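Here are some friendly notes to read alongside the model. I have put them as numbered points, so feel free to take them one at a time.

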Amino acid sequence: MSQWSQVQQLEIKFLEQVDQFYDDNFPMEIRHLLAQWIESQDWEAASNNEAMATILLQNLLIQVDEQLDRVSQEKNLLLIHNLKRIRKLLQGKYHGNPMHIAVIISNCLREERRILAAASMPVQGPLEKSLQNSVVSERQRNVEHKVSAIKNSAQMTDQDVKYLEDLQEEFDFRYKTIQSLEQSDKNSALIKQEMLALQAMLNTLDYKRKEVLSKIGRVIHEIDMLMSNMLTEELLDWKRRQQIACIGGPLHGGLDQLQNCFTLLAESLFQVRRQLEKLDELLTRLTYDGDPIPVQRPQLLEKVNFLLYNLFRNSFVVERQPCMPTHPQRPMVLKTLIQFTVKLRLLIKLPELNYQIRVKATIDKNVSTVSNRRFILCGTHMKAMNMDESANGSLSVEFRHLQPKEMKSSAGSKGNEGPHMVTEELHSISFETQVCLYGLTINLETSSLPVVMISNVSQLPNAWASIIWYNLSTNDPQNLSFFNNPPAATLSQLLEVLSWQFSSYVGRGLNSEQLNMLAEKLTGQQVSYNDYQLSWAKFCKEHLPGKSFTFWVWLEAILDLIKKHILPLWIDGYIMGFVSKEKERILLKDKTPGTFLLRFSESNLGGITFTWVDQLENGDVTFHSVEPYNKGRLSALPFADILRDYKVIMADNVPENPLKYLYPDIPKDKAFGKHYSCQPNEVSKPSDGGGKGYVPSVFIPVSKILNDSTDPHSPSDLLPMSPSVYAVLREHLSPTVIETAV
């Protein structure tokens, strides 16, 4: 079943979440019509490979054209209209930046997988629940409403200033007219009446000046209150959502809405600034005793400038955190001399700023780290922000060719650092620029979330563990000494994040039973998720009891195994995976002989095994577990073919496959048939055209169970067959079926 088919079967509350991230950037109609094709492409790799992204975009447009031809034959007018519009939209948006659509589609597919994983859990995780708080959604709507109201108020004040200007011009004209008259004419009754009218007009001018200043003051106050409270909280919430998304959580939408709010507020403040400049102009032409403009205007202008400074400083954000293209799902882990990408955005989108802001990138600027390691950035570290590279027209800049390089230390302290010290060191990528606009000069600075620098890929798993722990435990964006005393994490939140690792990296999250097993492995006991606090050392530094590796190294090896060797079987949900030997015995003991399940090895890194139940002649139940298959053995033979072809020899009996039903009662071929590479007996004949005429060899996985292996209480780890067993096997199988047996 395709991923999209699974999505369509979700409950309405989950379908509403899916609806939120499909828009004109990637219309849901295309996702629906091209579901199989879209899921078969590697959008993740294309998001960091421009040549690959260009080809995929071209192929996507070809697929849309084929759908257009199909619906044209069916004379479906509405669908024809929508597809033509969508094709034009896709080509126009992404022709100059094909990697952007690859990023969008990759994110959408990832978010679908996360929602599918969440739907399989009995309750929503605590972190995800906090991110979807109804109070937060209500605040978002209130911010947008208030920003719109402020914009309207500023525009209405514009009309008041214009009325004041017209009134003053009329007063000025009438006053100068009287002043130009002869002295004898000024004593006439008509002129005296005009003077009274001018006095009344001056009173009205004074009233209107006070009224305009009052309205400007209210607009400034409303902007100040909005920025100090709700808008600041919105920005902090977005940054927290970005942190969670970086470690596999829900996608962090809302930046476009924030950009709209920041831009409207900036436009309103500049509009108020122009109104104050107009009042200053009116002041130079007319002033009087008690004039409110010279008293109030300087204070208001100072406040406007202060708000503009703060608004611009808060608007400079890291839109996409540093990430190596080679490891797109491990952001903030950077390897020396390997390029990484990072994207920044100015949330104040004004046409006057296009290509006018140059951003400079540095590392560890004015920051004291916890070690003596120091780095510099090589490559293009200064670029101009523009509105042309982003599909949504945002004012942004993306650095694509930065490389961290470690500086040689004269103290020679590098050799004294243990493997954990390196992966627990946090560094910061900083960015600075300057905005010059309408007489204002504003210096802007921002920083990435803390990154971990590695010099060898073998350090990547522990470095990623550090990134997970940091972003799970704190919303402080710059606590570089965090691992001097890392806080404990709530087990319920940690388990939720671990499930995200599977949903984001290998397409299927963990259910409650799998999470229970991980919880017991982490704590050594059955505990309450909500109350238990787990230490950093327990997660990543201390070895598991009786093992030579940590919990995280064990789990990371499983993720790597799934990704490279058994991904389709994992996505289909046929690998139980996380189940202890004791629990598997309980599950299998009452099942039909030949029922088996698949689980990850607890004693071998990156190993998967299968255990089946059998019945002895006396009626007793026995269990057998095959020696775990690791990535080396799975590179030679696909796991689905192993399950299909696996044979067991019981003493001198005929070899047979003991695997009949996948737990609980799914026929093996029904579960895995579509993943078989070929039929077991489909062996080519020697070629007739000369050549060497060899018969192709095949691998058949075989184990032998000895007669004296009768202990039903402990699973036997079955090893590959010996030469004598191989001879027995050859007696019962044709040489054309098996040439080499493992």
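**Notes on the predicted model**

1. Let's start with a helix packed on a sheet. Helix α14 (residues 293-315) lies across β8 and β9, and its direction is at about 30° to β9. Please keep in mind throughout that this is a predicted model. Helpfully, α14 is where confidence in the protein chain is highest, at a mean of 96.

2. Now the sheet itself. Four strands form an open sheet in the order β6-β4-β8-β9, and their pairing is antiparallel. At the edges sit β6 (382-384) and β9 (440-447), each of which pairs on one side only. From one strand to the next, the twist averages 20°.

3. If you would like to follow one pairing by eye, try β8 with β9. Strand β8 (residues 429-437) runs antiparallel to β9, and eight bridges join the two. A handy landmark is T433, which stands opposite L444 in β9.

4. Next, the nonpolar interior. The largest nonpolar core has 160 residues, and F312, L518, F539, F578, F610 and F639 touch the most other members. Helix α12 (residues 189-246) gives this core its largest share, 19 residues. A second core, separate from that one, has 39 residues, among them F26, L57, L61 and I105.

5. F312 deserves a closer look. Which residues is F312 in contact with, leaving aside its neighbours within four places in sequence? They are F270, L346, I348, L353, V435, L437, I442 and L444. You have already met L444 as the residue in β9 opposite T433.

6. A small helix exercise comes next. In α2 (residues 12-20), the buried residues include F14, Q17 and V18. These three lie on the same side of α2 because the arc they cover around the axis is only 100°. I12 and Q20, on the other side of α2, are exposed.

7. Finally, a word on confidence. For the protein chain the mean pLDDT is 83, with 85% of residues reaching 70 or more. Confidence is lowest in strand β22 (residues 740-741), where the mean is 39. The pLDDT is also below 50 over residues 412-419, a stretch with seven contacts in the model beyond near neighbours in sequence. Residues 681-691 have pLDDT below 50 as well, and that stretch has eleven contacts beyond near neighbours in sequence. Where pLDDT is low, predicted coordinates should not be read in detail.

Conventions: Residues are numbered from 1 along each chain as its sequence is written. This is a predicted model: local features need pLDDT of at least 70, side-chain atom pairs count only at pLDDT 80 or more; totals for chains, interfaces and linings use all residues. Side-chain values use heavy atoms; hydrogens and water are left out. Buried means under 20% relative accessible area, exposed over 50%, partly exposed in between (1.4 Å probe, protein chains only). The arc is that of the directions from the helix axis to the C-beta atoms. A nonpolar core is a set of buried Ala, Val, Leu, Ile, Met, Phe, Trp, Tyr and Cys residues joined through side-chain atoms within 4.5 Å. Contact means heavy atoms within 4.5 Å. Two strands pair if DSSP finds at least two bridges between them. Axes are lines fitted to C-alpha atoms, for helices over the stretch in contact, and angles run from 0 to 180 degrees between N-to-C directions. pLDDT is the predictor's confidence in each residue, from 0 to 100.
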